[in-house]
Structure formats: C-alpha cells, structure tokens
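Trainee: Could you take me through one part of this model closely? I'd like to start with the largest pocket and then follow whatever it leads to.

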Amino acid sequence: SKLMSYTQGFMMLHQSCVDYKWSLNFGNIALMWRGGCIIRSRFLGDIKKAYDLDSNLQNLLHNDFFKQRINECEGAWRRTVVRGVMSGIPMPTMSSALAFYDALRCERLPANLLQAQRDFFGAHTYQLLNGDGKYIHTEWSA
C-alpha cells in the first residue's frame, strides 16, 4: 500500500509538470522527503535511484526494482485486505491502494461497468468498445 501511495504521488507530480510546464527533479524530491519527519521511508532512496536511471519515469511500477517489490508482496497484500474485510475491519487505505494498483493493470477500466449501471438506472446510454462512436440504450429488464 505504501508503495502505491508513492506511485500515486509521483504520478501526480509528473502530471503537474505536463499541465503547468514545470521542471521537477523527482529524485531530489524523494531525497528531500527522506529528511522529513512524516514521509521518511527507505523507499525514498530507491525512488531516487529509479529516477537517476530514468529521469522521465512516469510510473514507479515501470522500474524493475519496484516491479519486483510489488510482485513479491501482492499475494500477502491481497490476503491482508481480504482477511480484514472478512473480519469487519475497515481497511480503506489498503483496499483503495489495491484497487488503484488493479486499475493500473487493467486494459478496460470499471468505467465501462459504470456506464452500463447509469444506463440501467437512468437510461443515460453508453458506447460500445468496438469504436463506432454510437451511443445506445439497452432495455435491461428480463
């Protein structure tokens, strides 16, 4: 979960560079945060190394070190979220981080399902994925 929070944060910084024409040194930002009292983490040194290897890195999960770390931890992360939820323990940060991770890896995001739900409840129409651009409505009753 912590790795995903760093991934999200650096993705936001990267997008800010695009939107506002900023020039940020992400490796130096990681080192600056390492000196703080709240955000400190051993990952920050690894983040610095990742940006030293590729200053245009858009997503930490595209770096081999972080890809390996997430692959090593994914199973335990999923089991932890499931056990917490099944025990009635709120896990909003861990579960939303996992959902974000899954969304990053998903070719077709849940927005497709959301469009269908909106059409079902309010006849809002939706577009098919075949790319013809037409909006359609489905009569959803059985």
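Mentor: Sure, and keep in mind that this is a predicted model. The lining of the largest pocket is made up of S1, K2, L3, R42, F43, R69, I70, C73 and W77. Two elements each give two or more residues to that lining, namely α1 (2-20) and α4 (64-86). The top contributor is α4, with four residues. The space inside comes to about 170 Å³. Sorted by class, the lining has five nonpolar residues, three charged ones and one polar one.

Let's follow α1 away from the pocket. This helix has 19 residues and spans 27 Å from its first C-alpha to its last, close to the 27 Å expected at 1.5 Å a residue. Its buried residues are L3, M4, Y6, T7, F10, L13, H14, S16 and C17. L3 is thus a name you've met before, as it also belongs to the pocket lining. As for the spacing in that buried list, an α-helix has 3.6 residues a turn, so residues three or four places apart point the same way. What do the buried residues of α1 pack against? They pack against four helices: α2 (26-34), α3 (43-53), α4 and α5 (92-105).

Take H14 as one of those residues. It sits in helix α1, and it counts as buried because its relative accessibility is 19%, where the cut-off is under 20%. Setting aside neighbours within four places in sequence, H14 is in contact with F26 and Q58. F26 falls within α2, which runs over residues 26-34.

C17 is another buried residue of α1, with a relative accessible area of 12%. C73, from the pocket lining, is partly exposed at 33% relative accessibility. If you're looking for disulfides, the structure holds zero.

Now look just past the end of α1, where K21 takes a positive phi of about 60°. Most residues other than glycine have a negative phi, and most peptide bonds are trans. K21 is a residue other than glycine, so its positive phi is worth a look when you go through the backbone. This lysine is found in the loop between α1 and α2. Is K21 buried or exposed? It counts as exposed, because its relative accessibility is 70% and the cut-off is over 50%.

Next comes α3, one of the packing partners of α1. Eight of the 11 residues of α3 are buried, so this helix is largely enclosed by the rest of the structure. The buried ones are F43, L44, G45, D46, I47, K48, A50 and Y51. Charged residues are on that list too, including D46 and K48. Together, the buried residues of α3 pack against α1, α2 and α4. F43 also takes you back to the start, since it is one of the residues lining the largest pocket.

Moving on along the chain, N59 is in the loop between α3 and α4. Although it is a loop residue, N59 counts as buried, at 7% relative accessibility. Leaving out neighbours within four places in sequence, its contacts are T7, M11 and L104. T7 is among the buried residues of α1, while L104 has its place in helix α5. N59 therefore touches a residue of α5 from the loop between α3 and α4, given that contact means heavy atoms within 4.5 Å. For the backbone distance in that region, N59 and A103 are 13 Å apart, C-alpha to C-alpha, with their positions 44 residues apart in sequence.

Seen from the L104 side, the contacts beyond four places in sequence are M4, T7, M11, N59 and L61. M4 and T7 are both on the buried list of α1. L104 itself is partly exposed, with a relative accessible area of 34%. Its C-alpha lies 23 Å from that of R118, a residue 14 places away along the chain.

Last stop, strand β1 (residues 126-127), where Y126 has its place. Y126 counts as buried, with 13% relative accessibility. Its contacts, not counting residues up to four places away in sequence, are Q115, D119, K134, Y135, I136, T138 and W140. Between Y126 and L114, 12 residues apart along the chain, the C-alpha separation is 9.5 Å.

Definitions and conventions
Residues numbered from 1 in each chain as written. Predicted model: local features only at pLDDT ≥ 70, side-chain atom pairs only at ≥ 80, totals over all residues. Heavy atoms only, no water. 1 Å grid on protein atoms, 1.4 Å probe; cavity = no way out; pocket = protein on both sides within 12 Å on 5 of 7 lines; lining within 4 Å. Points joined across faces, edges and corners; volume = space filled by probe spheres on them. Buried < 20%, exposed > 50% of the residue type's maximum accessible area, 1.4 Å probe, protein only. Disulfide = S-S within 2.5 Å. Expected span 1.5 Å × (residues − 1).
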